[in-house]
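Could you walk me through this model in my viewer, one selection at a time? I would like to know what to click on next and what I will find there.

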Amino acid sequence: MKIVPLGPGFAAELRGVTLAEIAADDAAYAAARAAFEEHSVLVLRDQDVTDEAQLAFSRRFGALEVTKVGSLGTGTHFVILSTIGEDGKVVAADHRLALRNKANQLWHTDSSFKRVPALASVLSARIVPTRGGETEYVSTRLAFERLDPALRMRIENSFAWHDYAHSRGQIAPDLATPEERAALPPQCWRLAWKNPINGRSAIYLASHAFAIDGSEQAAGKKLIDELMNAATAPGTSYLHGWRSGDVVMWDNRATMHRGRPWPAHEPRLMVRTTISAAAADGLETMRPPSPKAAEYRDRSRESANG
Ligand SMILES: [Fe+2]
């Protein structure tokens, strides 16, 4: 296996290895896992991608998420990202699938709005448009390390609230359905996620974040905006242009990503599997310690539900 760096200080291509080898071979998995912890984004090209191969590869890294209500693939381990309607044609720009795709174009990390956030996502390209449709990544670990020490210390001891309805609301007010709101109450996570393998912290933030625990709304929003801008500074991203047979895996603890637009009439079909974070990935260090947070959480849940 050869590791070829791709991005500005993060992201690497794994060459000379297949999904099936990493799934089946302990040494190949150990090397891939070490590369994942180090480089945050891993690219494998020219893979023989099937649902089964993607599933077996993903399972190696941990327990898989079951797809939430309201997404294509609900109840399975697959999230189907598609703008192809039931009639086989590309949907109109105001269709829910197209709007969801627009929400994907906001900088985010996957599943920070879930009760168990994600360690990693694995995305495979099944149908790619002729141009555009890239996925753009930034390292929130490198962004953390660029912050001044006082701000680093502040965010290591701050907690942000994440809500799926908040990011969807930036695209259309009713894009998150009542079922999704009920299933996905706001979650509170530490603003910095420390990798337990290498001890390096990363800003943990996403378009889902709407408040800082214990801060006035305006002050919280200011901090969120400031950190989002710092994390997505120009010249710091890796842009992945998709080819059929590509598989990209990323560390949701240490990166953010966004989809890029493509010609609206062209179909695009991507399949994602998502690995839940576990205690060994640092999950327990992310939860807020204060009972106050739990109280706020209950209030948010009530208002989200009603
Ligand atoms: Fe995503």
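Which residue forms a salt bridge with Arg33, and how far apart are the closest N and O atoms? Select Arg33 together with Asp281: these two form the salt bridge, with the closest N and O atoms 3.0 Å apart. Keep in mind as you look that this is a predicted model.

**Stop 1: around Arg33**

Colour the chain by secondary structure and you will find Arg33 in helix 2, while Asp281 sits in the loop between strand 15 and helix 10, so the pair ties together parts that are 248 residues apart in sequence. Are the two partners buried or exposed? Arg33 has a relative accessible area of 14%, which makes it buried because the cut-off is under 20%. Asp281 is buried too, at 6% relative accessibility.

**Stop 2: other salt bridges**

Next, show Arg287 and Glu284, whose salt bridge has its closest N and O atoms 3.1 Å apart. Arg287 is partly exposed at 33% relative accessible area, and Glu284 is partly exposed at 47%. Now add Glu37, Asp251 and Arg253 to the pair from the previous stop: salt bridges with shared partners join Arg33, Glu37, Asp251, Arg253 and Asp281 into one network.

Then move to Arg200 and Glu145, whose side chains meet in a salt bridge at 2.8 Å, N to O. This pair links distant parts of the chain, with Arg200 in the loop between strand 9 and strand 10 and Glu145 in helix 5, 55 residues apart. Arg200 is partly exposed, at 27% relative accessibility, and so is Glu145, at 35%.

**Stop 3: the iron ion**

Which residues coordinate the iron ion? Display His108, Asp110 and His257: the ion is coordinated by NE2 of His108, OD of Asp110 and NE2 of His257, at 2.2 Å. Along the chain these donors follow the spacing H-x1-D-x146-H. Asp110 lies in the loop between helix 4 and strand 5, whereas His257 lies in strand 14, 147 residues apart. Asp110 is buried, with 4% relative accessible area, and His257 is buried at 5%.

**Stop 4: strand 14**

Stay with His257 and extend the selection to residues 255-259, which make up strand 14. Here 5 of the 5 residues are buried, so the strand is largely enclosed by the rest of the structure. Turn the view to look at each face: Thr255, His257 and Gly259 are on one side, Met256 and Arg258 on the other, and all are buried. Add strand 6, residues 135-139, and you will see an antiparallel pairing with strand 14 over 5 bridges. Thr135 has Gly259 as its bridge partner in strand 14.

**Stop 5: helix 3 and the core**

Now select helix 3, residues 51-59, where Ala53, Gln54, Leu55, Phe57 and Ser58 are buried. The buried residues of this helix pack against helix 1, strand 3, strand 5, strand 13 and strand 15. What does Phe57 touch, leaving aside residues up to four places away in sequence? Its contacts are Leu19, Ile22, Ala23, Leu44, Val122 and Met249.

Phe57 is also among the residues with the most contacts inside the largest nonpolar core, which has 31 residues. Helix 2 gives the most to this core, with 5 residues. To finish, look for a second, separate core of 20 residues, including Trp107, Ile155, Leu205 and Ile212.

Note on methods: Residues numbered from 1 in each chain as written. Predicted model: local features only at pLDDT ≥ 70, side-chain atom pairs only at ≥ 80, totals over all residues. Heavy atoms only, no water. Buried < 20%, exposed > 50% of the residue type's maximum accessible area, 1.4 Å probe, protein only. Helix = DSSP H or I, 4+ residues; strand = E, 2+ residues; numbered from the N terminus. Contact = heavy atoms within 4.5 Å. Core = buried A, V, L, I, M, F, W, Y, C linked by side-chain atoms within 4.5 Å. Pairing = 2+ DSSP bridges. Donors = N, O, S within 2.8 Å, 3.2 Å for Na, K, Ca; no water. Salt bridge = Lys/Arg side-chain N within 4 Å of Asp/Glu carboxyl O.
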